[in-house]
Each structure stands twice: as C-alpha cells, then as structure tokens.
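Thanks for passing this one along. Here are a few notes to read beside the structure.

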Amino acid sequence: MAAIVARELTKHYRTSRRREGVWGGVLDLVARRRETVKALSGVSFAIERGETVGLIGPNGAGKSTTIKLLTGILRPTAGELSVLGVSPWRQRRRHAMQIGVVFGQRTQLWWDLAVIEALKLLARIYRVPPADFETRLKTFSEILDLEPILHRPVRKLSLGQRTRCDLAASLLHNPPVLFLDEPTIGMDAAVKARMRDFIRATREINGTTIILTTHDTSDIEELCGRLLLIDRGLLLFDGTLERFKDSYGRWRTLIVDLAEPVDLDRMRQLLGDPDLKLSAPLERRLTIGFDRRACTAHELLARLEGKAPIRDVATAEADIEAIVREIYEGFYP
Ligand SMILES: Nc1ncnc2c1ncn2[C@@H]1O[C@H](COP(=O)(O)OP(=O)(O)OP(=O)(O)O)[C@@H](O)[C@H]1O
Ligand SMILES: [Mg+2]
C-alpha cells in the first residue's frame, strides 16, 4: 500500500471579510461578513514509500494548505487522507511520532532557548534515547554545519541558520515521513547545496518518504523524482520531471554558430516564420526558439543550409524554470 493516499482532498477556509474605514470597523463588530476561500478543491494522489515528491504552484495555490492537512495541523473540509495508515487529524499524537516537518517561513523551535536546549527538549518530547540523540546530533551538525550556532538563542539566528536547525529538529526522532514547506527559502547557494546533500543522505540511509514545496525549480531538479503541480486548489500535473518537460516544454532552442557576425534581419528572412524567437547572444551565434510541435530543428537548419555559413549546431531543451513561469503566467490553458 502507498505511504500517503489523498482522495478528493478539499479544504475551505471560512474567514471574515473586513469592511473599510472606522464605520466599517463598527459594522464588522455588529455583523461580520463571512466568506469562503476554496484553498483545495478535490485533490487526489498516492505516494509510495521512499519517494521524494515536489509540490509546486504559484503563490496561493494551496501548497502550504496541503502540507498542513498532511501533518494534521488542519482538518480537511472533505475527502480522505492517510499517511502510513494513520489519519493525520483524527490520530494527531500517533501521527506526530511518525512525521517530521519543517516550515521554512517559521520555526518550531523555542525562540528564547539556545539551539542545543531546544533540540534536547524536542528529543525528550519525542522520547529519543540519549545515545541515539547524541549520534544524530553529531551527524546533523557535521552535514549541516551546526556546531558554531548550537549555543546561540534561536531568535538570533539568520533565516538560513534557523532553517538548518529546524531540519535537524524535524529528524531527531528518525521519522519515516518528512514534510518540508519551502526548506531552502532564504538560503545562499552553498547552504542550499548542504541542505540538499542532507536531504539526499537522509533518504538514502533511512528510505524516508519526502514531500517538499518550493519556489526554486532547481530543488525539484536535484531532489525530486516526481512533481505535483497545483494551481487554485486543483492538481494540474502529477508525474516525473521528464514527463513534465515533455507535456509542457514546447519551446526548444536551436543554437547555430556562424563563420560571420549574425545579421538578424537576414536570418529572419531566411527562416520566414514570425513565431520563431531569434536572438544573437554572441556576435557569431544565432539562437532560434521554436515550438517543437510546429516544426523541427532539422527543418529550420534546412532553411539556412547553403545560405548562411554554418560552423556548428546544438539544441537545448526548455528548462523547467521557464516552463513553470509560462504555466504560472497562464500560457497554457
Ligand atoms: N487561515 C487561512 N484563512 C483563510 N484563508 C487562508 C488561510 N490560509 C490560507 N488561506 C488562503 O488559501 C489559499 C491557499 O493558501 P496556501 O498558503 O495553501 O498557498 P501556497 O500555495 O502555500 O502559497 P505560497 O506559495 O504563497 O506559500 C490562498 O488563497 C490563501 O489566501
Ligand atoms: Mg506556502
């Protein structure tokens, strides 16, 4: 059976809609206007043990809501959810012991304690045997470089430092399932690389099932075998990165190196297709962006053959960053 199963998962938030101005404030006191925000509208997926799945989507898509439902912080409005056979919101305590969670935007550590104290306290809450705590702390400190910050109060840490501590905290009890909501937010390139190494190591050693949300597509490329794309509470895509590129990545680039400086107007004439995206990033290099459903690199080259002094050619796939941007901008229906 799959580690995580969601069926028609739905979450509606009931919030009050505030009126403007002083008089509005008075009216709000007397009679609140309520409104419903449909954060998730029937999302279904199944995740196998040991999978690392990336959850992506524009701001407000419903990613954090999904994580909060999966961790049992919120109760679904409708639909079914099970994580290792446990219902996250009905069996909260039992669920808490089997999951680790990191919200990159906020910390689960006590603000005024030193990092080491906060970790020890968590270890006691989770009943981690002292010997295990020592070994894990040592490993985590090494990979995440925690040593220099262990004795600082949590509130004095930078965002990247704090998230590293949060990640260590989330894994103290060695949970089989890990949820990460924007784990690499605010991290510099070096720390991001460490963080990803750590996530990979955890997965390899313990076979941890991981769901992470991110706005950094390189997290997906480096860590996730599969991605779920949600937008406005609906699941738009569920599959591998290759399939994602195949379904959405309609733009390819043909790179042509010439023996002479590029004359863009002439090239436009030779190619004769207004939908192509032409540019000359180098003096003698022409790049042609084309829709692979409309034509092929071979056809484009044939139009230039014998008329332009071609020295070398290469093609490039659309990168995932560009695809995601196009989807978010409503490029695809
Ligand atoms: N407690 C709440 N009360 C009312 N509406 C909420 C609440 N939390 C989230 N929402 C709304 O639900 C929708 C989904 O929010 P959610 O936080 O899940 O988005 P997200 O995909 O995590 O976005 P981001 O990329 O900005 O983190 C948004 O429209 C948001 O305004
Ligand atoms: Mg979010």
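Before the points, one term: a contact here means heavy atoms within 4.5 Å. Please also keep in mind that this is a predicted model.

1. Let's start with how the chain is linked to itself. Among the contacts in the protein with a separation of 6 or more, 69% are between residues 24 or more positions apart.

2. Next, the overall make-up. You should find 12 helices and 13 strands in the protein. With 333 residues, the globule rule gives 20 Å, but the radius of gyration is 25 Å, well over that value, so the protein is more spread out than a compact globule. Along the principal axes, the C-alpha atoms fill a box of roughly 75 × 55 × 45 Å.

3. How much of the protein counts as buried? The share is 47% of the 333 residues. As for the accessible surface, its total is about 17,500 Å², and carbon and sulfur atoms hold 50% of that.

4. A word on charge. The protein has 51 positive and 44 negative charges, and 9 Å separates the mean positions of the two groups.

5. Finally, one residue to look up in the viewer: E142, which sits in helix α5, a helix that covers residues 130-144. Is E142 buried or exposed? Its relative accessible area is 54%, and exposed means over 50%, so E142 counts as exposed. For a sense of distance, try E142 with A316: the two are 174 residues apart along the chain, and their C-alpha atoms are separated by 38 Å.

Conventions
Residues are numbered from 1 along each chain as its sequence is written. Chains are lettered from A and ligands numbered from 1 in the order in which they are written. This is a predicted model: local features need pLDDT of at least 70, side-chain atom pairs count only at pLDDT 80 or more; totals for chains, interfaces and linings use all residues. Side-chain values use heavy atoms; hydrogens and water are left out. Helices (H or I, at least four residues) and strands (E, at least two) are DSSP runs, numbered from the N terminus. The radius of gyration is taken over C-alpha atoms; the globule rule is 2.2 Å times the number of residues to the power 0.38. Buried means under 20% relative accessible area, exposed over 50%, partly exposed in between (1.4 Å probe, protein chains only). Accessible areas come from the Shrake-Rupley method with a 1.4 Å probe; for residues, only the protein chains shown count as cover. Lys and Arg count as positive and Asp and Glu as negative; His and the chain ends are not counted. The place of a charge is taken as NZ of Lys, CZ of Arg, CG of Asp or CD of Glu.
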